[in-house]
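Welcome to this guided tour. Please load the model in your viewer and keep the selection tool at hand.

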Amino acid sequence: MHCMTYGTRHVRTISREPPVDPPNMLARTFARTSARFGTRTLATRMPIVGGNWKCNPKTPEEVPALIDNINACDTSGCEVYVCPSPLHVGLVQGKLTSGAVVAPQNCNFTGCGAYTGEMAVDQMAAMGITWVLIGHSERRGEFGLPTPKESNELLATKLKYILDKGLNCVFAIGEPLPIREKGLDAVLAECVEQLKDVKDLLDPARVVIAYEPVWAIGTGVTASPEQAQETHAAIRAWIAKEVSPAVAEGIRIQYGGSANAKNAPDLSAMPDIDGFLVGGASLKPEFADIVAAIAKAKA
Ligand code: 13P
């Protein structure tokens with residue numbers, strides 16, 4: 001671990017090497033001081049909320065209204081990113097005015113070349129993009145169609161490539177319903193399966209984990225705050241044991257799965273929920289209310 005100074009702020013990072021061209025939002029991640037929570041002392045983690053537009057909207061004419069929803073967010077107490085569909089990334093990059101950033105929904109595992117249909121991290125870097133989302137369950141095979149699943153091994157290769165190229169990553173994990181029905185131990189075992197190949201890459205300054213139970217995605221069924229909290233806490237405890245207590249304390253874990261303006265305040269009150277990855281509600285003006293809810297809860 002070493003200290004880096006951005007402007008007047010000291011920022012703790014656990015990177016082995018300084019990231020290339022660190023964006024402002026990265027600097028703010030560790031700009032907060034320690035706070036007491038219950039009987040534990042935790043480094044306060046800057047909340048982070050992402051809007052995953054998935055394969056929406058249909059027409060380019062609809063994109064500006066969605067950009068307005070992102071630009072309406074107050075990012076002073078919460079980092080914000082948006083994941084436009086691949087075709088629309090270029091329509092959004094450069095149009096965000098409130099400090100939010102673009103994070104494409106997927107990327108390739110290598111550079112440019114003969115990779116039809118792919119998006120290279122190198123192309124993103126050249127466009128000024130600093131974050132990318134990988135590992136969404138809709139890419140891990142929960143797609144409703146027999147498309148090839150992205151394996152844990154492939155995702156580890158992608159994450160290494162992303163970090164090597166100086167970008168930051170939202171790494172999504174989560175369990176399907178049959179595993180949830182077996183209880184927390186089974187859920188944790190599934191999350192560990194998805195995290196173990198990347199555990200040495202979990203730099204809290206550059207990687208955010210998005211825990212998204214598959215059964216809550218797009219269903220209107222949200223994990224209860226207690227259910228989400230105990231899962232986040234179990235993931236954090238595993239990281240503390242398998243990586244280090246400092247990484248566990250610093251890394252941000254977002255909740256995703258039917259998060260909306262109504263349930264965000266209660267979920268935000270949970271100590272191990274550091275933000276949201278929002279699908280449907282990120283296409284609506286209420287997205288700014290979700291950002292405001294977690295910023296208020298963690299202030
Ligand atoms: P919903 O918020 O629509 O349930 O989607 C969650 C999600 O998959 C975000 O990546």
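Helices and strands on this tour are DSSP runs, helices of at least four residues and strands of at least two, numbered from the N terminus. What you have open is a predicted model.

**The whole chain**

Begin with everything selected. The chain holds 11 helices and 12 strands, and 43% of its 299 residues are buried. Among the contacts with a separation of 6 or more, 69% join residues 24 or more positions apart.

Now colour by confidence. The average pLDDT of the chain is 88, and 85% of the residues score at least 70. Residues 1–43 are where the pLDDT falls below 50, though in the model this stretch still has 61 contacts beyond near neighbours in sequence.

**The loop between E5 and H2**

Select Lys-54, which sits in the loop between E5 and H2. For a residue other than glycine its phi is a notable one to check: the value is positive, near 50°. Is Lys-54 buried or exposed? Lys-54 falls in between, as partly exposed, because it has 17 C-beta neighbours inside 10 Å.

Stay in this loop and move to Pro-57, which is also placed between E5 and H2. The peptide bond joining Asn-56 and Pro-57 is cis, with omega about -10°.

**Around the ligand**

Next, select the ligand and the 14 residues around it; Asn-52, Ile-217, Ser-258, Gly-279 and Gly-280 come nearest. Colour this shell by class and you should find five nonpolar, eight polar and one charged residues.

Zoom in on Ser-258, in the loop between strand E11 (252–256) and H10. Here is another positive phi in a residue other than glycine, near 55°. Ser-258 has 21 other C-beta atoms within 10 Å, so it counts as buried.

From Ile-217 in that shell, step across to Ser-137, one of whose contacts is Ile-217. Ser-137 lies in the loop between strand E8 (131–134) and helix H5 (152–164). With 23 C-beta neighbours inside 10 Å, Ser-137 is buried. Beyond its neighbours within four places in sequence, its other contacts are Glu-142, Ala-172, Gly-174, Glu-212 and Val-214. If you draw a distance from Ser-137 to Glu-150, C-alpha to C-alpha, the viewer should give 9.0 Å for a pair 13 residues apart in sequence.

**Helix H11**

Select residues 287–298 to pick out helix H11. Its 12 residues reach 17 Å from the first C-alpha to the last, close to the 16 Å expected at 1.5 Å a residue. Why is H11 described as largely enclosed by the rest of the structure? Nine of its 12 residues are buried, so the helix is largely enclosed. Those buried residues are Phe-287, Ala-288, Ile-290, Val-291, Ala-292, Ala-293, Ile-294, Ala-295 and Lys-298. Show their surroundings and you will see them pack against strands E5 (48–52), E6 (79–83) and E12 (275–278), together with helices H2 (63–71) and H10 (264–268).

**The nonpolar core**

In soluble globular proteins, nonpolar side chains tend to be buried together. For the last stop, look at the largest nonpolar core, with 75 residues; Ala-103, Val-132, Cys-169, Val-170, Phe-171, Ile-290 and Val-291 touch the most other members. H11 gives the most to this core, eight residues.

Finish on Phe-171 and show its contacts, leaving aside neighbours within four places in sequence: Ile-134, Gly-135, Leu-159, Val-198, Val-207, Ile-209 and Ala-210.

Conventions
Residues are numbered from 1 along each chain as its sequence is written. This is a predicted model: local features need pLDDT of at least 70, side-chain atom pairs count only at pLDDT 80 or more; totals for chains, interfaces and linings use all residues. A residue is near a molecule or strand if its C-beta atom, placed from the backbone, lies within 6 Å of it. Ala, Val, Leu, Ile, Met, Phe, Trp, Tyr, Cys and Pro count as nonpolar, Asp, Glu, Lys and Arg as charged, and the others, Gly among them, as polar. The expected span of a helix is 1.5 Å times one less than its number of residues. A residue is buried if 20 or more other C-beta atoms lie within 10 Å of its own, exposed if 12 or fewer, and partly exposed in between; C-beta atoms are placed from the backbone. Two residues are in contact if their C-beta atoms, placed from the backbone, lie within 7 Å. A nonpolar core is a set of buried Ala, Val, Leu, Ile, Met, Phe, Trp, Tyr and Cys residues joined through C-beta atoms within 7 Å. pLDDT is the predictor's confidence in each residue, from 0 to 100.
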